[in-house]
Amino acid sequence: MELDVKLNINKLLESPNIVELLEEKDLNTIGYHVINEYNLDKESRSQWEKRVENAMKLALQVSEAKSFPWTNASNIKFPLVTIAALQFHSRAYPALVPSDQIVKVDYDSSMSLDPRASKEIEDRNKRVEKHMSYQLLKQDECWESEMDKVLITVPIVGCAFKKTYWDFNEDHPVSENVLAKDFVVSYWTKNLKDCNRQSHVLYLSVNDVLSRQRRGIWTDDFKIRPQQTIQEGDLGQAQDEAQGVYQPQSDPGTPFEFIEQHRWEDLDGDGFKEPYIITVHKDTRKVVRIVANYFETSIKRNDKNEILNIKPESYFTKYSFIPSPDGGFYDIGFGILLGPLNESINTIINQLVDAGTMANTAGGFLSRGIKIRGGNYNFAPMEWKHVDSTGEDLAKGIYPLPVREPSQVLYTLLTTLVNYGERIVGSTDIMVGENVGQNTPAETSRTMAEQGMKVFAGIFKRTYRALNEEIRKVYRLNQLYLPEETKFAGGGVLATDYQDNSTDI
């Protein structure tokens, strides 16, 4: 991206909105590249979006009208993915989100730094534990509910994201859930740390836009006009339809759609790109904000004062379920993993139901010699109908369709598929609270339950690792923005308590 204006890096760091420092031509260039590269990233994950669309329909058990083998034929959705997601959520939520303390400090790691000051370090650790747990559970009122959403979304989709930032209106850190459909990177990105650009789709009301403009962090050049219906992608439309949500054709309350892209650009003209956060209105490609995503202390220079490296501030945390074997960024959930198996189970169940329907209600052929009135005949129990033909003529003139009973082979295959699906998700009888047998020894039942829990051990570890990463982002925000001394319900904390690195959190 070639820009006409080259800015001093000190001005870039100090400016609340770099848009005010750039020419209109440069802003148009930036807006074009941001939206164009967002579309490229979205296209790279198109196949993943189709798989997730099918997964959401399975999880939400969306029933769609069928025309084969006849109109409104059976279309049962077996709740294999739904049960799997609920099983994971019911175990992960209480284990990872205790009611009193979220944050803990590794005392051995922190105290080994200076054994002589162990009492002082211990007091500091306790203050940090209480304060950060208070921030997450009390101060950020939505943190627990957002974590709840993550833990129900991850097993279906395969990944979810948390955006952690300092809310200057509320004056405390906030971590909000970001759906995978609204967080767009190239599918072949290795990890967030090395990602060249990360796009977060924002849906903002008129008040949200005006608030940002009046606070001086967005440009006033963006004019608010009546909005049309948001043009969602296939994945967004599928989720809306699955939940029975439909947007009106035109609604003045429809939110504005913005792309907040975290990317690298060379705005000072030294040839080395710096990290910035660029917010663009999707439809008009109007750039409303550019802000540096680094500090002077984040820059590493050589003896010639040339930039060697810049460490950007990290906002997003990825919660992963099962890493994708093809190396893609977006991971695999039960919706994708069990999708083909669930579809096979659905097909067999519907075939059995349709076969039963035909066996109970099948018709046949009538010869011309039968003297009965035309139309359909419905019989109630103990009902007889008069006809003008003899019993012998009826026996000769009526030929029922050769319909067989539902296949026992299909039922056996169905049982096999369901059993293997339950083995994958760990939702066997004992794991869903069912009695495995009256004569089963207690120790045997306990061992079976423990082995069943091990199915999720690796997934719990990944979730725990992501939660640890998110909490360290909160620690970093406290380093940057916490006042000198802060009082809270559990006591008090000092800004100096957060001056060490977060490795022991």
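This dialogue covers a sheet, two helices and a pocket in a predicted model.

Trainee: What should I know before reading the numbers?

Mentor: Residues are numbered from 1 along each chain as its sequence is written. In this predicted model local features need pLDDT of at least 70, side-chain atom pairs count only at pLDDT 80 or more, and totals for chains, interfaces and linings use all residues, while side-chain values use heavy atoms, with hydrogens and water left out.

Trainee: In what order do the five strands of the open sheet lie?

Mentor: Helices (H or I, at least four residues) and strands (E, at least two) are DSSP runs, numbered from the N terminus. Two strands pair if DSSP finds at least two bridges between them. Here the order is β3-β4-β5-β6-β7, with antiparallel pairing. β3 (183-184) and β7 (287-292) are at the edges with a single partner strand each, so one side of each has no neighbour in the sheet. Between β5 (256-265) and β6 (274-281) there are eight bridges, and Gln261 faces Ile278 in β6.

Trainee: Which strands does helix α2 lie across?

Mentor: Axes are lines fitted to C-alpha atoms, for helices over the stretch in contact (heavy atoms within 4.5 Å). Angles run from 0 to 180 degrees between N-to-C directions. Helix α2 (24-44) crosses β3, β4, β5, β6 and β7, at about 95° to β5. Helix α8 (206-214) lies across β4 and β5, at about 115° to β4.

Trainee: How many residues line the second largest pocket?

Mentor: A pocket is an open set of points on a 1 Å grid over the protein atoms alone, where a 1.4 Å probe fits, with protein on both sides within 12 Å along at least five of seven lines; lining residues have an atom within 4 Å of a point. This one has 19 lining residues, with Leu366, Ile372, Tyr377, Phe379 and Ile398 nearest its centre. β11 (364-366) and β12 (398-400) each give two or more residues to the lining.
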